[in-house]
Amino acid sequence: MEAFLGGMMVLADPFILGMTVAGTLLGVFVGALPGIGGSTTLALLLPLTIGISPVASLAFMGAVYCGANFGGSITAILVNTPGDPSASATALEGYKMAEKGEAGLALGISAVASAIGGIFSVIVMIVAAPLLARAAYNFGPPEYFALALFGLSMCAAVGGDSPLKNLIAAAFGVALATVGIDLTTGVERFTFGFYDLTDGIGFVPVLIGLFALAEMFDQASRQHTLGKLLKLDTVRIPGMAEFRKCARSIWLGSGLGTFIGALPALGATTAALVAYNETRRWSKHKHEFGQGSIEGVAGPEAANNSAVGGAMVPTLALGIPGSSTTAIMLAALVVQGVRPGPHLFNEQPTLLYAVFASMLAANLIYLVLGLYSAKLFARISMVPPALLWPTVFVLSVIGAYGPNQSMGEVYLMLFFGVVGLLFRRHGFSPAPLVMGLVLGSLLEESLKQSLLIFQDGWVLGFLGRPIALLLIGITVAGLAAPWIMRLQARLRGATEKRAA
Amino acid sequence: MSRPAPFLWRDRRVALVVAGLALAFLAGTFSFEAVPLALMEGLGASEFPRLVGAVILLLAVMLALRPAPAEEEELPAVNGCGWATFAACLGFLAAMAVVGMLPAMFLFMVGVGWLWGERRVGVLLLSAGGVVLCLWLLFVRVFGLGLPGGMLGEMLFN
């Protein structure tokens, strides 16, 4: 409780409060810019956060993360262009509402549902993260190895066009994490004589290249047509009747979003799409879907914002990122010398509660922004790509160069920009590669330590660790499930054919 | 546009590239320095990368064995603007070596802005100048970061 109050008091520090407000504003701003989501922004901001304290840095990034998820919905509703992928489900019904002249109501319910979802998930995070951390306090290397493996296996469901390709990307991420000097033996691996590579491949150039630069190359090949901004007079706070109609979808979205967000690798976009489907399934007004359903806006909006808090639970409690954006936040902490995990709750509780406080504050700030400044933020999407993307490039260059003042990092960023573009063209998602890069060292170190602990061989060793065994079992079952289901369907087909 | 999928359809070609990279990665692990057994601590420096390489190879084989679809969508070609933007990025590196980072950024923003269809020269110059000025103030004046000055900077200031 003391730590909780201490964390909340952090907001009384004008600098931290200022960073939280600035982070929320920036998050909503960039969330409204098509193509520049929370991940890209955090990747670009990573070098800037190195110079400030971990508390201020996390408060800032947490606020950007919350704000960007909300900002994406403004343009999804008014321009039919989701600023952030997580707002794509909102565009389905939100834009239809705007076309019917209900843009203000759509934005109002979006702001309210987002804030409720966001606050709900932060409360869950405040309760669940310390519990999970306490449970994980006794985790040894075998459990961490199993957990990292489970996190990587969840990458299969993260996006792209096939689970197999996602797993390949994740494995490449782990391979990249092996570059540099091996800490236990001192052997140089894959450095090819380049001094810049002896400390391993830095997160910053990889993240900036994969997210920001690849998006720029992708945008360069597209025909740019600016969306038509629909008329918006005033944002209307939903009345009791509308709120009652949406209450079920908001709670459904909040619950689903928090749960999906907490699963490693799955983030706000998956949460919003699942929430949209479930909202439609459980709605009493199914006929309104596709015509501009207010429930169809409320459910996904509550879900994509609640996924933010959910994703922070495994990130902070276990050091396993809940989404690609939290993978970047995790990288920022590591760069600052803070290793997230259960020990953090004992060692730096104020830091954690400061994150919770900043995220709570961010949710309240964007509620006000959403209700009073939506029209202004919607205009952001009208910034011509010809001015926006060259700016992103120069920010990328300075972001990659800044932390180590090394041109090698700029070349690396360009290389990963091309890799990111190739990934997109061939149906690979960049998120699993980031997850692999972040989790790779944990995977290797925990495996090495596990093998040292196990005196009777690794098979018997893992058999003697029930939690590790359970996690490995879930991983194997999760990976094998699609094949088993396909085999079952084939057998069923063969039996039906024989019966016919 | 789609066409009947050939034997070496797109994912199979991708699988071949992935397998090639995995083999190169595996081969690389044999060039590591040998480690005395006492230092191996459970696993040596090369065992884990070999395991990862083998997993990538296995996944590549699984990707290659996936049944081909009846028809294959053709990838949209990278258009002229895409190639020109990439060339501009390389040009930026070359320009940076000559005139330094900030002037190269200014040139890049004006050039690529024009390439992407912005024809209002005043807007291009103003936005590029504004961004570069902000970067200089923030990174050079506030954070004290030394940005590469290029050959021109060397000549002028050294």
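The expected span of a helix is 1.5 Å times one less than its number of residues. Keep that rule handy for the exercises below, and keep in mind that this is a predicted model.

**Exercise 1. Work out what span helix H2 of chain A should have, and check it against the model.**

Step one: H2(A) covers residues 14-31, so there are 18 residues to put into the rule. Step two: at 1.5 Å a residue, that should give 26 Å. Step three: the end C-alpha atoms of H2(A) sit 25 Å apart, which agrees with the expected value.

While you're there, look at what is covered. The buried residues of H2(A) include Met19(A), Gly23(A) and Phe29(A). Two of these names, Met19(A) and Gly23(A), come back in Exercise 3.

**Exercise 2. Do the span check for helix H4 of chain A, then find how many of its residues are buried.**

Start with the length: H4(A) runs over residues 54-78, 25 residues in total. The rule then asks for 36 Å. In the model the end C-alpha atoms are 37 Å apart, so the helix agrees with the rule.

Next, the cover: 24 of the 25 residues of H4(A) are buried, so you can call this helix mostly covered. What comes after the helix? Asn80(A) follows H4(A), and its phi is positive, near 60°.

**Exercise 3. Classify two residues of H4(A), Pro54(A) and Phe60(A), as buried, partly exposed or exposed.**

You need the cut-offs: 20 or more other C-beta atoms within 10 Å means buried, 12 or fewer means exposed, and anything in between is partly exposed.

- Pro54(A) has 18 other C-beta atoms within 10 Å, so it is partly exposed.
- Phe60(A) has 28 other C-beta atoms within 10 Å, so it is buried.

Now see who they meet, leaving aside neighbours within four places in sequence. Pro54(A) is in contact with Leu333(A), Gln336(A), Val338(A) and Leu351(A). Take Leu333(A): it is 279 residues from Pro54(A) in sequence, yet the C-alpha atoms are 7.0 Å apart. Phe60(A) is in contact with Met19(A), Gly23(A) and Thr49(A). As for Phe60(A) and Ala354(A), they are 294 residues apart along the chain, with 10 Å between their C-alpha atoms.

**Exercise 4. Find what the buried residues of helix H5 of chain A pack against.**

First, locate the helix: H5(A) has twelve residues, 88-99. Its first and last C-alpha atoms are 17 Å apart, close to the 16 Å expected. Second, list what is covered: ten of the twelve residues are buried, among them Leu92(A), Tyr95(A) and Met97(A). Third, look for partners: the buried residues pack against H4, H6 (103-136), H11 (268-282) and H12 (294-318) of chain A. Finally, step past the end of H5(A) to Gly101(A), whose phi is positive, near 90°.

**Exercise 5. Compare the surroundings of Phe190(A) and Phe192(A).**

Begin with the place. Phe190(A) is in the loop between strand E2 (188-189) and helix H9 (203-220) of chain A, and Phe192(A) is in the loop between E2 and H9 too. Then the backbone: phi of Phe190(A) is near 50°, a positive value in a residue other than glycine, and phi of Phe192(A) is also near 50°. Now count neighbours. Phe190(A) has 19 other C-beta atoms within 10 Å, so it is partly exposed. Phe192(A) has 9, so it counts as exposed.

**Exercise 6. Describe the side of chain B that touches chain A.**

Step one, the numbers: the contact takes 46 residues from chain B and 39 residues from chain A. Step two, the helices: H1 (10-29), H2 (47-64), H3 (80-99), H4 (101-115) and H5 (121-142) of chain B each supply at least two residues. The largest share, nine residues, comes from H2(B). Step three, the classes: this side of chain B has 33 nonpolar, ten polar and three charged residues.

How confident is the predictor? The complex gets an ipTM of 0.92 and a pTM of 0.80, and the mean pLDDT of chain B is 88.

**Exercise 7. Locate the two domains of chain B and give the separation of their centres.**

Domain 1 takes 2-73 and domain 2 takes 80-157. Their centres, taken over C-alpha atoms, are 39 Å apart.

How values were computed. Residues are numbered from 1 along each chain as its sequence is written. Chains are lettered from A and ligands numbered from 1 in the order in which they are written. This is a predicted model: local features need pLDDT of at least 70, side-chain atom pairs count only at pLDDT 80 or more; totals for chains, interfaces and linings use all residues. Helices (H or I, at least four residues) and strands (E, at least two) are DSSP runs, numbered from the N terminus. Domain bounds come from an automatic or database domain assignment. pLDDT is the predictor's confidence in each residue, from 0 to 100. Two residues are in contact if their C-beta atoms, placed from the backbone, lie within 7 Å. Ala, Val, Leu, Ile, Met, Phe, Trp, Tyr, Cys and Pro count as nonpolar, Asp, Glu, Lys and Arg as charged, and the others, Gly among them, as polar.
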